[in-house]
Amino acid sequence: MESLLSIAVALMAGLLFSRVVKVLRLPAVTGYLIAGVLIGPYCLGRLGIPGLGFVSHEAVTSLDALSQVALGFIAFAIGNEFRLSQLKHTGRQATVIAFTQALAATAVVDAVLIGVHFLVGDKLPIPAAITLGAIATATAPAATLMVVRQDKARGKLTEILLPIVALDDAIGLVVFAVSFGVAKAMTQGEFSLVSILAEPLIEVVLSIGLGFVMGLLFTFFERWFHSNSKRLCLSVTFVILTVAVSMLEFEVGGVHVGFSSLLVCMMLGAVFCNICDFSAELMERTDKWTAPLFVLFFVLSGAELELSVFADLAIVGVGAAYILARSAGKYLGAYGGALAMKCEPNIVKYLGVTLLPQAGVALGMSLTAAQTLGAEGALIRNVSLFAVLVYELVGPLLTKIALTRAGEIVPGATDARAAADGEDDE
């Protein structure tokens, strides 16, 4: 009963705060996150009434399965942006920019934090600095997708943004594995080419392969059903099944083999949208079914944010340096990549701002570090938590501002578009 009551309270809080932030002309995502903070362990949860908010972080993480499924649907939706007809125009540009912005973020954060190390000494060890540099590559696809959808963003910047966010996950996995491998070697005196190079590449390749197979199976079974309700049911089933299968882990010959659920579900969506001739119609129906799930996902994300990190001034200082360095790296990398690829002026100018949100993937990376590097891992985890708290609250707003200034969100036109589509996302 407590879990069901918590879910109901979370959904209601998210919906109410989406109306509050609408008055302030902020993205609905920001309202969901603020609602999560307010019903989380540091606010309403302090009353200690189970079900009325979340009394502990354990209460929030007990609903992790819902968050994993929501991320699966988000990745599935982003995968549907990889239509070959569209990629002919933006694929090469998106690939180049994805690499430049990710690698630039890592380079700038590494340089700044290593500089901070020489100022503060052991308070920020070099292994922690280079691991945080790798975590800087990750961009949160969920917040970006929700802003694009809820504000009905349309245009060249939006078209190239979503493929870049999708590719960013694959690049981030490889960069993190390499940097983290070096950090472990420096900390523990162990150096393994298998863990540094082989395992991340295997994870990316196997994730793409698994997603491709699941996409073929999905398309095959979808043709067995003709009613819209049964096709929708099968779509939901396959995304949940794909998320579950992608959680498998095992070892072969001493090599750890795992999958990225984001990559697998993205590939599932990409294969489906390119093979199935009615995928666009089915995606519209799936989007409406998943709307409450996405609201719940962001409210839970807000409730998970660790406000206690503000109590440590060292974490705040390192976190501020990380945020500024990552933001500069993302913007300059996207700016340089877009300029080199001769993109339109609005893409060159505003793309970097839309790539700032950071959440789930970064927290997953920081958790890996925390479980392996001891005290240095705890530092990485807390800095990442601080950065995610700032980015998740500010990032969606900056994305909306950038898309608005690029002319792809027209103030006052959102409600008209929503009415034309038969829905109101605000």
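The following exchange asks how some descriptions of this predicted model are justified.

Me: What makes the pair of aspartate 168 and lysine 330 a salt bridge?
Reply: The closest N and O atoms of aspartate 168 and lysine 330 are 3.2 Å apart. A salt bridge needs a side-chain nitrogen of Lys or Arg within 4 Å of a carboxyl oxygen of Asp or Glu, so the pair qualifies. The structure holds one salt bridge.

Me: Why is this pair said to link distant parts of the chain?
Reply: Aspartate 168 lies in helix 8 (residues 156-188) and lysine 330 in helix 13 (residues 313-340), with their positions 162 residues apart in sequence. Both aspartate 168 and lysine 330 are buried.

Me: How do you know that helix 13 reaches about as far as expected?
Reply: Helix 13 has 28 residues, and from its first C-alpha to its last it reaches 40 Å. The expected span is 1.5 Å times one less than the number of residues, and for helix 13 that expectation is 40 Å, to which the value is close. Just after helix 13, lysine 342 has a positive phi of about 55°.

Me: What span does helix 10 have, set against the expected one?
Reply: Helix 10 (residues 228-245) has 18 residues and reaches 26 Å, close to the 26 Å expected at 1.5 Å a residue.

Me: Why is valine 243 in helix 10 called buried?
Reply: Its relative accessibility is 4%. Buried means under 20%, so valine 243 counts as buried. Other buried residues in helix 10 include Arg231, Leu232, Phe238 and Thr242.

Me: Which residues is valine 243 in contact with, leaving aside its neighbours within four places in sequence?
Reply: Valine 243 is in contact with Gln68, Gly72 and Cys265. Contact here requires heavy atoms within 4.5 Å. Separately, valine 243 and serine 261 are 18 residues apart in sequence, with their C-alpha atoms 5.7 Å apart in space.

Me: Why is helix 2 called oblique to helix 7?
Reply: Helix 2 (residues 28-39) and helix 7 (residues 141-150) pack at an angle of about 130°, and their axes are 9 Å apart. Roughly perpendicular runs from 65 to 115 degrees and roughly antiparallel starts over 145, so the angle of about 130° makes helix 2 oblique to helix 7.

Me: What residues make up the contact of helix 2 with helix 7, by class?
Reply: The contact has six nonpolar, one polar and no charged residues. Ala28, Val29 and Tyr32 in helix 2 meet Ala143, Met146, Val147 and Gln150 in helix 7.

Terms used. Residues numbered from 1 in each chain as written. Predicted model: local features only at pLDDT ≥ 70, side-chain atom pairs only at ≥ 80, totals over all residues. Heavy atoms only, no water. Helix = DSSP H or I, 4+ residues; strand = E, 2+ residues; numbered from the N terminus. Buried < 20%, exposed > 50% of the residue type's maximum accessible area, 1.4 Å probe, protein only. Axes fitted to C-alpha atoms, helices over the stretch in contact; angles between N-to-C directions. Parallel < 35°, antiparallel > 145°, perpendicular 65-115°, else oblique. Nonpolar A, V, L, I, M, F, W, Y, C, P; charged D, E, K, R; others polar.
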